[in-house]
Structure formats: structure tokens, C-alpha cells
Amino acid sequence: MMAASAEAPRKRRSKSPFVQAAKRPRLGGPRQLEAGMCGILITCNMNERKCVAEAYSLLGEYGEQLYGPEQFTDQEESRLSGHEEEEEEEEEEEDDAEAALKKEVDQIRTSTEQKLRRFQSVESGANNVVFIRTLGVEPEKLVHHILKDMHTTKKKKTRVILRMLPVSGTCKAFVEDMKRYSETFFEPWFKSPQKGTFQIVYKARNNSHLSRVKVINELAGVVGHLNPENKVDLNNPEFTIVVEIIKNICCLSVVKDYVLFRKYNLQEVVKSSKVDCQGDAPKASPEGNLEEAKPAVEDVESKDKPEDEAKANDKHED
């Protein structure tokens, strides 16, 4: 009894350092799709982990062809070694959870830019969709290069990746934001004296507040305003404007050879050289506007579907 009474009660450890640790910014930048990012949107058949692995392998291979080996500029070690004396002094304060947390956050903030990789997977916000954020890469150029090589060689290099769509710009998925953003984004392809034939393909996931028809008409109006000589062509356009909506983020790109490369489907592009016929595309009116009665190319998917149904639809649409 005396031994038990003499034993000092244990001091309960505060949970605050652990709670704060869960809120710390992750090394290497944001971990989910956000406005302002560029990268590559990839659809797959049920196996997202395998899809990410295939994407890293494929993008790494072709990325080196176009941009050379990836250069790592992580200077964190040299930066820290220059402050050894400072760290020794701060070791005395390690018991102070707030001081330790502040020190780590400062280190992360100063080294984040040096930790960014050429390709980095982030949460897309939709099932069977992977987003690979890019740094120092032109997504449209890289993806076109991959598809061109696969179309020529007919060599299959992936098993679970279906479509690979470049994303050169992202903004909030509200009509006014998209219209304002696209006025600048479309300039390299459609602003006078530049001109060309185009179509708009639209896909929405986990989003029910947007009108497909309104988005298409607004973006087509922006293209027409930049140069009235830009015309809609739904059979064999020079440019395809890809609009991918995921939750509250709009992903935009302008791509070439969308029909030739089978809607940028890696599984289909290696099968044959026969051009995919887009019989389900909307017709163009004499004024060059898109008909409002039919979808652009793909129907809106505002909510996630059951896995089996989503898999079947991926195989059919992609």
C-alpha cells in the first residue's frame, strides 16, 4: 500500500501537438486539385493505385525524351547544415510543442519549392480519375507526344490507364469565372490573327450546379469574340477545347488530333489507325453555334455512379 501511495500519478500528455501535427502543411505542395494548377488528368478502370504507378512510368519515360533527366535542386540539407549551432541552441526548447511546431512549419515553407517534383499525384476529387500535377512541363505538348508515338508504333504501354488529357489551366467551376479565365487562356489559339476550326467537349463529375449548354455556349462565344473567323467543326476540327469539371474546379485545355488519337484514349489509339467517327456530336448551325439540344461529346456525370456501372461507362465512352 505504501509503495502504491508513494508512486506519483502519471502526468497526462497533452494532445495538442498531435492535433496540430494533423493540420501541418504537407511537404511538396498541395495534395488535392486546386484552381491554378496544371497537369494531366487520367481516367482508369477501378485501380487508381496502379494507374498512378503507370502514369509515373509513362510520363517519366517521355518526359526525359522531351525535357531531359529530372534535376533535383533540394538544398535543404546544405541549408540546415549551415545552421548547426542554431539547432543546438534550439534543442533546449524541444519540450515546448509550439516552438517545435513553428520551427517545422518554417522549414517546410522554405523548402517546399525545392521539394516539388516534375510529376506529382494529387487527389482529383472523383472516382477512377487521377490528376498528375506537372512542373516545368507543357502538358499539351507532352501528352500529344505520347499519343503520337503510340499511334505510330501501335505499342501498348499501359493496362489500366484509359484516357490521358492535358490540363493547361484550372479555375473555379462557375460560369463567370470560367468565362473570364478563358478570355485570356484561349488567346494563343484563337485570338486574331490566330484562327482555326474547333469543337468543345464537356464532362462533369461530382457537380450538379452547372448547365452544360450554358457553359458550352459561353466558351464558344469567347472563341468567336477573339476572332469571328473561328468556326465550329464537329467532324475534324483543328482544335478541341476539353472542359473537365470536377467538383468546383474547371480543367481546361486546347488539344490537336483529338479525333485521330481516339479522344486521347491510350487503349484505343494502339488498335488501329481508323479515325473515330463522332456521330453523337452536336451539329453546328449555319451561324457556327452549337445546338443546345444535344451534348457536345460526352454527357454530364454530376454524381458518382456505382462502381460496376462506372466501369462499364468508362469502357464505352473512353
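**Exercise 1. Two packed helices**

Task: In this predicted model, at what angle do helix 8 (residues 175–185) and helix 10 (residues 212–226) pack, and how far apart are their axes?

Solution:
- Step 1. Two packed helices are described by the angle between their axes and by the distance between those axes.
- Step 2. Here the angle is about 25 degrees, and the axes of helix 8 and helix 10 lie 10 Å apart.
- Step 3. Angles under 35 degrees count as roughly parallel, so helix 8 is roughly parallel to helix 10.
- Step 4. For the handedness, helix 8 passes helix 10 in a right-handed crossing.

**Exercise 2. Who touches whom?**

Task: Which residues make the contact of helix 8 with helix 10, and how do they divide by class?

Solution:
- Step 1. Start with helix 8: its side of the contact is made by Val175, Met178, Lys179, Ser182 and Glu183.
- Step 2. Now turn to helix 10, which contributes Lys214, Val215, Glu218, Leu219, Val222 and Leu226.
- Step 3. Sorted by class, this contact has six nonpolar, one polar and four charged residues.

**Exercise 3. The five-stranded sheet**

Task: In what order do the five strands of the open sheet lie, and which are the edge strands?

Solution:
- Step 1. Strands of a sheet pair through backbone hydrogen bonds, either parallel or antiparallel.
- Step 2. Reading across this sheet gives the order 5-9-8-6-7, with mixed pairing.
- Step 3. Strand 5 (169–172) and strand 7 (231–232) are the edge strands, each pairing on one side only.
- Step 4. Look closer at one pair: strand 5 and strand 9 (residues 249–255) are antiparallel over four bridges, and Gly169 stands opposite Leu252 of strand 9.
- Step 5. Helix 8 comes back here, lying across strand 5, strand 8 (239–246) and strand 9. Helix 8 runs at about 155 degrees to strand 5.

**Exercise 4. The four-stranded sheet**

Task: What is the strand order of the open sheet of four strands, and which helix packs on it?

Solution:
- Step 1. The order is 2-3-1-4, and the pairing is antiparallel.
- Step 2. At the edges are strand 2 (119–122) and strand 4 (161–167).
- Step 3. On average, neighbouring strands of this sheet are turned by 25 degrees against each other, direction ignored.
- Step 4. Between strand 2 and strand 3 (residues 129–134) there are four bridges, and Val122 has Phe131 in strand 3 as its bridge partner.
- Step 5. The helix you are looking for is helix 7 (residues 139–153), which touches strand 1 (39–44), strand 2, strand 3 and strand 4. The direction of helix 7 makes about 150 degrees with that of strand 4.

Conventions. Residues are numbered from 1 along each chain as its sequence is written. This is a predicted model: local features need pLDDT of at least 70, side-chain atom pairs count only at pLDDT 80 or more; totals for chains, interfaces and linings use all residues. Side-chain values use heavy atoms; hydrogens and water are left out. Axes are lines fitted to C-alpha atoms, for helices over the stretch in contact, and angles run from 0 to 180 degrees between N-to-C directions. Angles under 35 degrees count as roughly parallel, over 145 as roughly antiparallel, 65 to 115 as roughly perpendicular and the rest as oblique. A crossing is left-handed if the near helix is turned anticlockwise from the far one by less than a right angle, and right-handed if clockwise. Contact means heavy atoms within 4.5 Å. Ala, Val, Leu, Ile, Met, Phe, Trp, Tyr, Cys and Pro count as nonpolar, Asp, Glu, Lys and Arg as charged, and the others, Gly among them, as polar. Two strands pair if DSSP finds at least two bridges between them.
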